Amino acid sequence: MATVQPELIAVGSNRTAHALDCSGAEAAYAAGTLVALFRPHEARVHAVLRGHTARVNSVRFAQQGRLLVSGAADGTARVWARDGDAWRAGAVLGGHGAPVVATATHEIEGGAATHEIEGGVATHDIDSAVVTCTAATDGCVRVFAHAGAGDAQLQQTLALGAHTALDVALAPLPGGGLLLAAACTDARVRLFVRRGGAFAAAAELVGHTDWVTAVAAHQVTEATHRAGDAATAHWRAGDVVLATASQDRNVRLWRVWRGAGGDQRTVGVSDGVVAGADAVLAGHDAWVHSVAWAGARVVSASRDGAAMVWGAAGDVWATDAQLGAAGALQGAVFGGGGVLAYGAGALYAWAQHDGAWAAVAAPTGHAGAVRDVSWDARGRHVLSVSADQTARLYARFADGWHEAARPQVHGYDMQCAAFVAPHAYVSGAEEKVVRVFRATRQFAAAARARVGGDASDSDEDELADGASLPALGLSNKAVGAGDACAEDPDDTYAARRVHTDVAALAPAPAPGAVPLEDQLQRHTLWPEADKLYGHPHEIYAVAAGAGLVASTCRATSARHAAVRLHSARTGQPAGVLPAHALTATCVRFSADGAWLLSGSRDRSYALFARREGGDAPYALARRQQAHARIVWDHSAFRRSVWDPVLILAQIVTLQCFGYGAFSVLMLAAALLGGVELSPRLLFDCHEASVQSVHGLAVLAALVCMGAANVVPLVYMVERSRLCVDFTLTFYAVHVILVWWGFGAPTVLAWWAAVAAGGAAMALGGRAACLRRELLPIAIRGLMPARPAERARADEEHELEARYEQPHFEPPEQHPEPSEPPEHSAPPRASSGSWSNDDWGVVDAPEPPPKGHKND
C-alpha cells in the first residue's frame with residue numbers, strides 16, 4: 001500500500017470556550033469535527049484525531065498527557081490514549097441528549113470506582129481509575145469511570161434543573177473524597193462532594209452577577225505555598241482553590257479548606273470542610289471565557305482580546321502580564337514555556353524570556369470549509385481559499401511548511417482561486433466579479449530569501465510596497481512608500497487611512513522567520529490589481545493557463561453556464577464558450593494550453609481545442625454525458641514525455657524476464673525427465689507439438705511465459721492502459737527473433753500458445769495494474785474513515801442515483817431546467833495546469849459531503 005507523509009496540516013480552531021489544552025510538550029485544540037495535535041515549539045500540527053461527527057467543543061488532557069478527552073456537539077465525549085508517538089481511540093462516553101460543552105478528569109490511584117445499577121450504587125476495584133465528568137446543554141452532568149482508554153461505565157447523572165453547566169472541574173476534597181465544581185448559567189458555582197459513594201450536592205458559591213463561563217481547580221502543595229506571597233499566605237497544603245470566570249468581566253478565586261465555618265463569607269461543603277471567597281481579579285473589559293492554573297498563577301482570556309496572567313503581589317493579586325491579540329479570545333492556557341491562546345479561529349502563543357513576554361509562532365489554518373487550493377507553477381507556494389472569507393498562502397520554511405501570507409481578507413465567502421504567475425493569482429467568491437491580486441515587494445523579498453535567488457530574476461520592481469484594506473471596503477489598495485505622508489492632516493478619514501497604510505508598510509518578519517498571527521492579519525495583504533466582469537451570478541470556478549483566465553458562475557440555464565475567458569495580462573474579455581446546461585463546476589487548461597476541459601452539474605464534460613481566429617481562442621471539440629452524478633472535478637491533463645531510453649529499457653527487461661521464466665520452466669521439465677534442454681526450445685516453433693510430452697511442455701512454457709510477464713508490467717510499467725501496447729511489443733520482438741533464427745513460424749499449435757500467453761499477459765497485467773492504481777493512500781496522522789461514515793456515504797450515493805439526468809440541447813434552444821439549491825461544494829484540486837501524473841498522485845474520487853443536495 002502506498003504511504004503518504006503529510007508535509008502540512010493547516011486548520012483553525014473552533015470558536016468554543018474550552019477548545020484548547022496543553023500538557024508538557026503536547027497541545028491539542030478542537031478543529032471542526034477533529035482534534036488537532038501540535039507541539040508548541042514546532043508551531044505546526046503533526047496529527048489529527050477523527051471520530052466525532054459534529055463540532056468538537058472541548059479538549060482536556062489527563063494522566064500527565066497520556067489521555068485526552070474531547071467533547072462534541074454530537075452528544076458524546078471520546079477518550080484517546082497515547083500509544084508511543086501516535087494516539088488511538090478509546091471509550092465513547094455517551095448518553096447526553098444535547099451537545100457536550102465541557103469535560104473534566106481526575107485520576108484515582110489504587111481506588112475503587114463506582115457505577116450505577118438500577119438506581120443503586122455498586123463498586124468495583126480498578127487499579128488506576130479515571131473519573132471523567134461531561135457537561136452538556138441538556139442541563140445534566142454525567143460521571144463516568146474508566147481504566148485508561150478502556151471501556152467506561154456510567155456512575156451517575158447529576159441534573160441541574162433549568163440551568164446549564166458551562167464548565168466543570170474535579171479536584172481532591174481536603175480530608176478525603178472528590179470535589180466536583182460546576183460553573184452554571186444562574187451565576188452560581190455548584191459544588192458536589194463524593195466520599196466513597198455517589199456525588200451529592202454540597203454548596204453553592206455566590207458572587208458573580210452573570211453566567212459563570214469557566215472553572216479551574218488548583219490543589220495547593222508545599223512548593224506552591226512556600227513560593228506564594230502575602231496574598232496566598234493563608235493557603236495550606238491540601239487546600240483547593242477554584243478560579244471562576246464570568247460574563248460579568250471578573251475572575252473570582254474561591255478557597256476550599258478543612259476548618260470551621262461561622263463566617264458569613266464561608267459555606268459548609270462537607271464535614272469539617274468549608275469554602276469561601278478568596279479574591280476578585282478585575283481588569284477585563286468584556287466577557288471572560290476561560291481560566292487556567294499553573295502553580296500559583298492564573299491566566300484568563302476575554303472577548304476584549306486580552307490574555308491576562310495573574311499572580312500574588314504583596315497582599316493583593318495583580319497582572320503579571322497582559323498579552324493582547326488582534327481579536328476576541330475564547331480561551332488561554334499555560335503551555336510551551338509560556339501562554340497559548342485562541343480566538344476567532346486563530347491560535348496565539350507567547351513565551352517568557354528573562355522576565356519579558358514575546359509573541360512566538362503558532363499553528364494557523366482556515367476556520368471554515370476549504371473550497372479550493374492551487375499550486376504556483378514552480379511548486380513553491382500553495383494557495384487556499386475558504387468559507388471563512390480568507391485566502392491563505394503556504395510556503396516551505398527551514399523547519400517545514402507554514403502560512404507565509406494572508407493575501408486576501410474578503411467580505412464574501414471565498415469559492416475558488418488559481419495562480420496566473422508566481423506573484424499573481426485570481427480568486428472568485430460569492431459575488432459576480434473575479435479579482436486579480438499581485439504580491440507586494442515585501443513578500444517577493446521574503447520568498448527570495450527562503451529559496452535563494454537574485455532579485456533580477458523577478459518582477460519586484462513592478463510590485464507595490466504594501467497593501468491596505470480601507471474601512472468597509474472589499475478591495476485591497478496598493479500602498480507605496482510615499483503614500484503615508486501625502487494626505488491632508490486635517491482630513492480625519494484620510495488620517496485613519498494613513499494609519500492603515502503605515503501599518504501595511506510596517507517591517508515584515510525577519511528573513512526566514514515564520515510570520516506571527518498578528519503579522520499575517522496586518523502586514524501580508526496583496527493589493528488588488530484588476531477585476532474581471534461578465535458573469536451574471538456568483539463565481540464558481542476559475543483556472544489560468546495559456547495567458548488566459550477561465551471562469552464560471554452558478555447557473556440554472558445554458559445561457560449562464562458558459563465558460564468565460566479573459567486575458568491574464570490586460571484583463572479584457574477574450575471569448576465565451578457555451579457547452580453546459582447547468583453550473584460548470586470545474587475548468588482546467590492543459591499544460592501546453594492546447595486544450596481546455598470543463599465539467600458540470602449536468603453530469604457532462606466538455607473539451608475545447610485551441611484555434612486561431614474566431615470569436616474565441618477555443619472551440620468545442622467534444623461534449624459527453626459521461627457520469628451518472630454531478631461532475632465535481634477532473635484530473636489535470638497528462639504531459640506526454642518521449643523517453644526512448646526508458647521505453648527501450650522496459651522492452652529489454654520484459655524480454656529478459658519472459659525468457660528467464662521460460663528457461664526456468666523448461667529446466668524444471670528437464671529435471672522431471674522427457675525434455676532435452678536446447679535454445680531451439682524457445683526460438684524453433686517446430687519444437688512445439690501436441691503429439692509428444694516434449695512438445696506439450698514447450699507449449700505450456702510458452703503460455704506461462706506470458707502469464708509471468710504480468711509481474712514486470714505491474715511493477716515496471718505500472719499503467720493499465722499501456723499493458724496491451726507492451727504485450728504486443730513483447731510478442732512482436734519474439735516473432736521476429738523466431739523468424740530470423742529458424743524461419744517463418746508455421747506450426748498452428750505454436751501460434752495458439754503464443755495467443756494464449758499474450759492474452760494472459762495483457763488481461764492479467766491490466767487487471768493487476770488497475771487494482772494497484774485503486775489502492776487507498778494511507779496518510780500518517782490521519783485516522784481512516786469509520787464504517788459508519790462509509791455507510792452514510794453509500795446511502796448518499798444511492799440517493800443521488802435517483803435523480804434524473806438533465807438533457808442538453810444547443811444553448812439557444814435549451815429550456816431552463818430547475819436546479820435544487822446549491823450548498824457548499826466539496827473542495828477541489830488545484831485549478832492550475834500541472835499534472836497529477838507529474839507529482840505521483842493517485843486520483844481517487846470521493847463522495848460529496850454530507851448534506852450536499854445533488855441534482
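A crossing of two helices is termed right-handed if the near helix is turned clockwise from the far one by less than a right angle. In the predicted model described here, the crossing of helices α5 and α9 is right-handed. Helix α5 spans residues 644-672 and helix α9 residues 723-742. The two pack at an angle of about 65°, and their axes lie 10 Å apart. Because angles of 65 to 115 degrees count as roughly perpendicular, α5 and α9 are assigned to that class. On the α5 side, the contact is formed by Gln650, Ile651, Leu654, Gln655, Gly658 and Tyr659. These residues meet Phe726, Thr729, Phe730, Val733, His734 and Leu737 of α9. By class, seven residues of this contact are nonpolar and five are polar, while no charged residues take part.

The helix pair belongs to a protein chain with twelve helices and 51 strands. Of the 855 residues in the chain, 49% are buried. Contacts between residues at least 6 apart in sequence were also examined, and 55% of them join residues at least 24 apart.

Two of the sheets are described below. One is an open sheet of four strands, arranged in the order β16-β17-β18-β19 with antiparallel pairing. Its edges are occupied by β16 (165-172) and β19 (200-206); each has a single partner strand, so one side of each is left without a neighbour in the sheet. On average, neighbouring strands of this sheet are turned by 20° against each other, direction ignored. The edge strand β19 pairs with β18 (residues 188-194) in the antiparallel sense, and six bridges connect them. Within this pairing, Val189 stands opposite Leu205 in β19.

A further open sheet is made of four strands in the order β29-β30-β31-β32, and its pairing is likewise antiparallel. Here the edge positions are held by β29 (331-335) and β32 (356-360); since each has a single partner strand, one side of each is left without a neighbour in the sheet. The average turn between neighbouring strands of this sheet is 25°, direction ignored. Strand β29 pairs with β30 (residues 338-343) over five bridges, in the antiparallel sense. In this pairing, Gly331 is placed opposite Tyr342 in β30.

How values were computed: Residues numbered from 1 in each chain as written. Predicted model: local features only at pLDDT ≥ 70, side-chain atom pairs only at ≥ 80, totals over all residues. Heavy atoms only, no water. Pairing = 2+ DSSP bridges. Axes fitted to C-alpha atoms, helices over the stretch in contact; angles between N-to-C directions. Parallel < 35°, antiparallel > 145°, perpendicular 65-115°, else oblique. Contact = heavy atoms within 4.5 Å. Nonpolar A, V, L, I, M, F, W, Y, C, P; charged D, E, K, R; others polar. Buried < 20%, exposed > 50% of the residue type's maximum accessible area, 1.4 Å probe, protein only.
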